[in-house]
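I opened the notebook to keep track of what I look up in this structure. Short entries follow, one topic at a time.

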Amino acid sequence: MSALNHGEIPVLIVGAGPTGLVLALWLTRLGVPVRIIDKVSESGTTSRALAVQVRTLEFYRQIGLAEEVIEGGRRVDTISFWSGGRQRGRSAAFGDMGKGLTPFPYVLIFPQDEHEKLLIRRLASLGVDVERQTELLGLQQVDKHILARLKRPDGSEESCQAVYVAGCDGARSKVREELGIGFPGGTYEHLFYVADVDAGGAAINGQLHVALDTADFLIVFPLKDDGRARLVGAVRREPEQADEKLSWDDVSKDVVNWMRIDVKRVNWFSTYHVHHRVSQQFRKGRSFLLGDAAHIHSPVGGQGMNTGIGDAVNLAWKLAAVLNGCASEAILDSYEPERIDFARRLVATTDRAFSLVTSRGRIARQIRRNIAPFVIPSFFEIGSFRRLMFRTVSQTVIHYRQSPMSTGKAGEIRSGDRLPWIANAFGTEDNFKFLTTLQWQVHVYGEPSPELSTVCRSRDLALHAIPWRAEMERAGLKRNALYLVRPDGHIGLADPIGNPANLRAYLDRWNIKPSA
């Protein structure tokens with residue numbers, strides 16, 4: 001750790017949702033002390049975010065968290081489409097769409113409220129507690145640090161000095177407000193609800209169900225316990241007054257009734273509007289925006305929480321490298337371009353899909369009722385579509401090819417791509433096992449040259465030589481090529497001939513010192 005002023009902390013994290021908690025976990029694992037605050041008195045007890053995507057599970061595996069998350073959630077293998085009062089076409093099986101692409105080839109349902117509690121427990125086991133009822137009042141950048149004015153639980157104020165500040169404080173981000181960064185976008189006209197229910201019926205069978213109708217829609221998410229589900233749909237009416245509390249009685253029951261869902265108990269109920277916005281900047285000086293503070297969009301595809309977690313992992317290893325003296329501060333310049341481009345594409349894509357699902361136009365209504373429930377399941381029978389759909393929803397397709405930190409191409413793999421998963425790289429072990437070190441490393445699928453081995457030893461850079469197998473070529477890898485893998489599992493440098501001079505040049509350009 002580089003020298004700190006008296007009382008100064010390396011990273012102040014504002015907001016203790018999944019994004020802030022994952023940022024704190026990764027930084028702590030990388031040896032960076034953090035302070036994480038949140039103005040609410042306790043973590044959420046209700047949530048809209050339900051899906052934990054593959055890429056998130058891969059990140060969690062790197063810090064030893066994946067198994068516990070999987071144990072707490074429910075694996076979903078099929079999706080059924082309903083319209084006009086009955087199930088239409090065949091259920092679309094997607095449980096094996098990712099077979100051969102990842103160690104987690106499925107969709108996992110694990111509600112955000114339970115997810116947060118798990119993250120908080122893991123962080124506490126590492127000696128870091130969330131400081132509740134602690135509110136950010138103001139920010140000021142002074143020289144090479146940030147002065148943050150905080151309000152304590154007893155109402156008193158304090159001044160906190162940090163090297164960097166991470167704004168993970170949601171759509172109404174105080175950090176973003178203090179930085180004066182715009183948050184352009186809009187709000188959908190409909191009011192939506194999420195209800196945690198105990199229920200019975202054919203659609204309460206542990207699988208995902210989507211009902212599309214001319215005037216309404218409903219999504220049924222299975223939870224861990226049998227007979228329990230989360231229902232997401234449209235509220236029948238808007239509140240007449242700002243403080244009016246709507247309830248389950250205000251929900252349109254048409255779709256619930258024709259799906260023959262027998263709701264026995266509503267455990268909790270919440271309403272919300274859906275927004276689509278992307279912050280104009282993700283960084284200003286020594287302050288960064290992540291998660292909902294940087295981007296919000298429709299819930300289509302279960303991408304929101306996972307995208308925030310991706311922001312956290314991307315920023316965490318870069319902050320740690322700079323603070324630990326392992327890399328040039330210039331690597332922090334790559335955070336915004338790597339994450340903002342994906343956020344903009346995601347918002348545009350989910351906006352189009354959500355507009356189709358909720359539009360009251362005649363054409364959209366006909367598509368929802370008479371076309372989509374029949375056509376979509378048939379697409380899942382096409383191998384190329386299944387693979388594309390899985391890679392997109394799972395976020396394994398995310399790449400940073402245009403990043404200033406991405407250099408070269410070897411085989412079909414370009415720098416910035418996620419490292420392909422090879423299931424049996426070493427007998428029954430995969431190549432992702434090396435990523436648990438959270439360190440830069442070189443992968444050679446085949447045989448590295450003696451010169452390359454010498455460079456890696458001289459730089460204290462781990463070199464993993466994986467014996468060549470036919471499936472590696474099918475995954476896009478090139479035999480004997482050099483792949484310099486970043487701590488987040490993305491490729492920084494891809495060199496087709498394994499030239500050690502190119503490796504030295506890359507390490508020198510970013511002042512990367514794995515042994516620091």
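**Pockets and cavities**

I began with the second largest pocket, which holds about 600 Å³ of space. Its lining has 22 residues, and the closest to the centre are Leu101, Arg387, Arg391, Pro420 and Ala475. I asked which elements give two or more residues to that lining. They are helix H10 (383-394) and helix H12 (470-474). By class, I noted nine nonpolar, five polar and eight charged residues in the lining of this pocket.

I kept in mind that this is a predicted model.

Next I looked for enclosed space. How many cavities of 30 Å³ or more are there? The count comes to one. The largest cavity has a volume of about 60 Å³. I listed its lining: Arg55, Phe59, Gly310, Arg339, Gln395, Ile398, Tyr400 and His490. These residues divide into three nonpolar, three polar and two charged.

**The sheet**

I then traced an open sheet of six strands. I wrote its order down as S21-S20-S25-S24-S22-S23, with mixed pairing. Why do strand S21 (413-414) and strand S23 (462-466) each have one side without a neighbour in the sheet? They stand at the edges, each with a single partner strand, so one side of each is left free of a neighbour there.

I took one pair from the middle of my list. Strand S24 (residues 482-485) pairs with strand S25 (residues 491-495) over four bridges, in the antiparallel sense. In this pair, Leu484 stands opposite Leu493 in S25.

Which helix touches strand S22 (441-445), S23 and S24? I found helix H11 (residues 450-458), which packs on the sheet. The direction of H11 makes about 165 degrees with that of S22. I also checked helix H13 (residues 500-509). Helix H13 lies across strand S20 (407-410), S22, S24 and S25. Against S25, helix H13 runs at about 155 degrees.

**Salt bridges**

My last entry is on charged pairs. Side chains of opposite charge can pair when their charged atoms come close. I counted 25 salt bridges. I picked one of them, where the side chains of Asp226 and Arg74 meet at 3.0 Å, N to O. Where do the two residues sit in the chain? Asp226 is in the loop between strand S14 (217-222) and strand S15 (228-234), while Arg74 is in strand S4 (residues 74-76). The two are 152 residues apart, and the pair links distant parts of the chain.

Methods: Residues are numbered from 1 along each chain as its sequence is written. This is a predicted model: local features need pLDDT of at least 70, side-chain atom pairs count only at pLDDT 80 or more; totals for chains, interfaces and linings use all residues. Side-chain values use heavy atoms; hydrogens and water are left out. On a 1 Å grid over the protein atoms alone, a cavity is a set of points where a 1.4 Å probe fits but cannot get out, and a pocket is an open set with protein on both sides within 12 Å along at least five of seven lines; lining residues have an atom within 4 Å of a point. Grid points are joined across faces, edges and corners, and a volume is the space filled by probe spheres set on the points. Ala, Val, Leu, Ile, Met, Phe, Trp, Tyr, Cys and Pro count as nonpolar, Asp, Glu, Lys and Arg as charged, and the others, Gly among them, as polar. Two strands pair if DSSP finds at least two bridges between them. Contact means heavy atoms within 4.5 Å. Axes are lines fitted to C-alpha atoms, for helices over the stretch in contact, and angles run from 0 to 180 degrees between N-to-C directions. A salt bridge is a side-chain nitrogen of Lys or Arg within 4 Å of a carboxyl oxygen of Asp or Glu.
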